[in-house]
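Please open the model in your viewer and keep the selection tool at hand. The stops below are meant to be taken in order.

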Amino acid sequence: MAMQDTLRALADPTRREILALLRAGPLTAGQIAEKFPVSAAAISRHLSVLKEADLVRDQREGKYIYYELNASVLEEILLWLTTLKGEEKDETIE
């Protein structure tokens, strides 16, 4: 998983909103699709992009697939951003 893929996935407002929904816990694609004024196929594509970026995981339970947030990837990005912020601060001090 490249950070480029993760940042590209996060660039879309619908995908960010899906991640916000998943903060509360796992949901099926149908439950997620109910919250948006787009087709189920569009939500499926968004979930696929999020999964490819390792931002969500899926788990099959019976006939349903539940999607859940993978917070560890977000933590890595936050750490990287914090490091950048710290580097910028050091550069202004010199």
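This tour goes through the sheet, its hairpin, a helix across the sheet, the salt bridges and a surface patch.

**Stop 1: the sheet**

Keep in mind throughout that this is a predicted model. Select β1, β2 and β3 and show them as a cartoon. Together they make an open sheet of three strands, in the order β1-β3-β2, with antiparallel pairing. β1, residues 27-28, and β2, residues 56-61, are the edge strands, and each of these pairs on one side only.

**Stop 2: the hairpin of β2 and β3**

Now narrow the selection to β2 and to β3, which covers residues 64-69. Six bridges join these two strands in the antiparallel sense. To follow the pairing residue by residue, pick R60, whose bridge partner in β3 is I65. Then pick R57, which has E68 of β3 opposite. As a general aid when viewing side chains here, those in a regular strand alternate between the two faces of the sheet.

Next, look at the turn of the hairpin. How many residues lie between the strands of this hairpin? There are two residues between β2 and β3, and G62 takes a positive phi near 65° in this hairpin.

**Stop 3: the helix across the sheet**

Add helix α2, residues 13-22, to the view. α2 lies across β1, β2 and β3, and runs at about 95° to β3.

**Stop 4: the salt bridges**

How many salt bridges does the model contain? The count is three, and each can be visited in turn.

Begin with R8 and D5, whose side chains meet in a salt bridge at 3.3 Å from N to O. Both residues sit in helix α1, three residues apart, so about one helical turn separates them. R8 is partly exposed, with a relative accessible area of 47%, and D5 is also partly exposed, at 31%.

Move on to K51 and D58. Their salt bridge has its closest N and O atoms 2.8 Å apart. D58 has a relative accessible area of 31%, so D58 is classed as partly exposed. K51 is partly exposed too, with a value of 39%.

Finish this stop with R45 and E52, which form a salt bridge with the closest N and O atoms 4.0 Å apart. Is each partner exposed or partly exposed? R45 counts as partly exposed at 48% relative accessibility, whereas E52 counts as exposed at 56%.

**Stop 5: the nonpolar patch**

Switch to a surface view and select M3, L7, L78, W80 and L81. These residues make a nonpolar surface patch of about 440 Å². Which helices each supply at least two residues of the patch? They are α1, residues 3-10, and α5, residues 71-93. Of the contributors, α5 gives the most, with three residues.

End on L7, which is found in helix α1. L7 is partly exposed, with a relative accessible area of 38%. Patch residues need over 30% relative accessible area, so L7 at 38% meets that cut-off.

Terms used
Residues numbered from 1 in each chain as written. Predicted model: local features only at pLDDT ≥ 70, side-chain atom pairs only at ≥ 80, totals over all residues. Heavy atoms only, no water. Patch = residues over 30% accessible without salt bridge, like charges linked within 9 Å, V, L, I, M, F, W, Y side chains within 5 Å. Areas by Shrake-Rupley, 256 points an atom, 1.4 Å probe, with all protein chains shown as cover. Helix = DSSP H or I, 4+ residues; strand = E, 2+ residues; numbered from the N terminus. Buried < 20%, exposed > 50% of the residue type's maximum accessible area, 1.4 Å probe, protein only. Pairing = 2+ DSSP bridges. Contact = heavy atoms within 4.5 Å. Axes fitted to C-alpha atoms, helices over the stretch in contact; angles between N-to-C directions.
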